[in-house]
Amino acid sequence: MSHHLFLLSPSDTPIYSLTHYSSKPAQTTSYPLSSNLPTWSTSAFAGTLTALSGASSATQSHHVQGGSGRMGGGQDRHVVQMIANASLDMIEDVMRKENAMYLKSVDKFNEWTVSAFITPGNMKFILLHETKNDDGIRSFFHDVWELYLKTMLNPFHTAHTPIRSAVFDTRVRASAKKYL
């Protein structure tokens, strides 16, 4: 089961991203895209279905910085980024309606659920996940926010620029392992 975290500046520029694979077993192994389509159409669009359903991420292995994890071909990564970008409008709509920092389940795309956390400075933390774990996700977002604030207090870091700190990355990964 995987989790994808994106930190976006107020102008929606990505400043950090993380893909975390949990050691907890996945609840479902079926591919909802292919199960909802007639059999004649699944063979014609097999590559697209594989990319969207995440099947290739379970079959290919790739070493990720700071630890090992499964990573599919380039298609999986682009699909996840597309889902995160598509959810930005929904996040902004929910932001206008609710006056909360933690926006639980903002959007859903097939098996992916999008949760968001908005800081007072309008930074957006977006998490794509497959299972429901509201308390763990809330705690994870609070830890990441605290780590982000510590990074912003560093006089050598410019605000709203990509975070390339190895310490930040290591601590976010440790928090993901703990809560997700």
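Start by selecting Y102, F117, F125, F140, F141, W145 and Y148: ring pairs link these residues into a cluster. A search of the whole structure turns up seven aromatic pairs. Keep in mind as you click around that this is a predicted model.

**Stop 1: from the rings to the strands**

Stay with two members of that cluster, Y102 and F117. Y102 has F117 in β6 as its bridge partner. Now show β5 (102–109) and β6 (112–118). These two strands run antiparallel, and five bridges join them.

Next, pick N110. Where does N110 sit? Look in the loop between β5 and β6. Its phi is near 50°, a positive value in a residue other than glycine. Is N110 buried, exposed or partly exposed? With a relative accessibility of 32%, N110 counts as partly exposed, because buried would need a value under 20% and exposed one over 50%.

**Stop 2: the whole sheet**

Zoom out and colour the strands. In what order do the five strands of the open sheet come? Reading across, you get β2-β1-β7-β6-β5, with antiparallel pairing. At the edges stand β2 and β5, each with a single partner strand, so one side of each has no neighbour in the sheet. Turn the view a little to follow the twist, which averages 20° from one strand to the next.

**Stop 3: strand β1**

Select β1, residues 2–8. How many of its seven residues are buried? The count is seven of seven, so this strand is mostly covered.

Show the side chains too. In a regular strand, side chains alternate between the two faces of the sheet. Here S2, H4, F6 and L8 point one way from β1, while H3, L5 and L7 point the other way. Both sets are buried.

Now check what lies beside β1. On one side is β2, joined to β1 by seven bridges in an antiparallel arrangement. Click S2 and you'll see Y21 of β2 standing opposite. β1 also pairs with β7 in the antiparallel sense, over six bridges. For an example there, click L5, which stands opposite L127 in β7.

**Stop 4: the hairpin turn**

Follow β1 to its end and on towards β2 (14–21); the loop between them holds D12. This hairpin has five residues between the strands, and D12 takes a positive phi near 65°. Like N110, D12 is a residue other than glycine with a positive phi. The relative accessible area of D12 is 28%, so D12 is partly exposed.

**Stop 5: two helices across the sheet**

Add helix α6, residues 88–97. Which strands does α6 lie across? They are β1, β5, β6 and β7 (124–129), and the helix runs at about 145° to β5.

Then add helix α8, residues 166–179. This helix lies across β1 and β2, at about 40° to β2.

**Stop 6: a buried Asp in α8**

Finish by selecting D169, which lies in helix α8. Is D169 buried or exposed? Its relative accessibility is 11%, so D169 counts as buried: the cut-off is under 20%.

Which side chains make polar contacts with that of D169? One belongs to Y16, with a polar contact of 2.5 Å. Another belongs to R173, where the polar contact is 3.0 Å. Show the side chains of D169, Y16 and R173 together to end the tour.

Key
Residues are numbered from 1 along each chain as its sequence is written. This is a predicted model: local features need pLDDT of at least 70, side-chain atom pairs count only at pLDDT 80 or more; totals for chains, interfaces and linings use all residues. Side-chain values use heavy atoms; hydrogens and water are left out. Helices (H or I, at least four residues) and strands (E, at least two) are DSSP runs, numbered from the N terminus. Buried means under 20% relative accessible area, exposed over 50%, partly exposed in between (1.4 Å probe, protein chains only). Two strands pair if DSSP finds at least two bridges between them. Axes are lines fitted to C-alpha atoms, for helices over the stretch in contact, and angles run from 0 to 180 degrees between N-to-C directions. Contact means heavy atoms within 4.5 Å. Rings of Phe, Tyr and Trp (its six-membered ring) pair if their centres lie within 6.5 Å; planes under 30 degrees apart count as stacked, over 60 as edge-to-face and the rest as tilted. A polar contact is a pair of N or O atoms within 3.5 Å; within protein, one must be able to donate a hydrogen and the other to accept it, and residues adjacent in sequence count only if both atoms are side-chain atoms.
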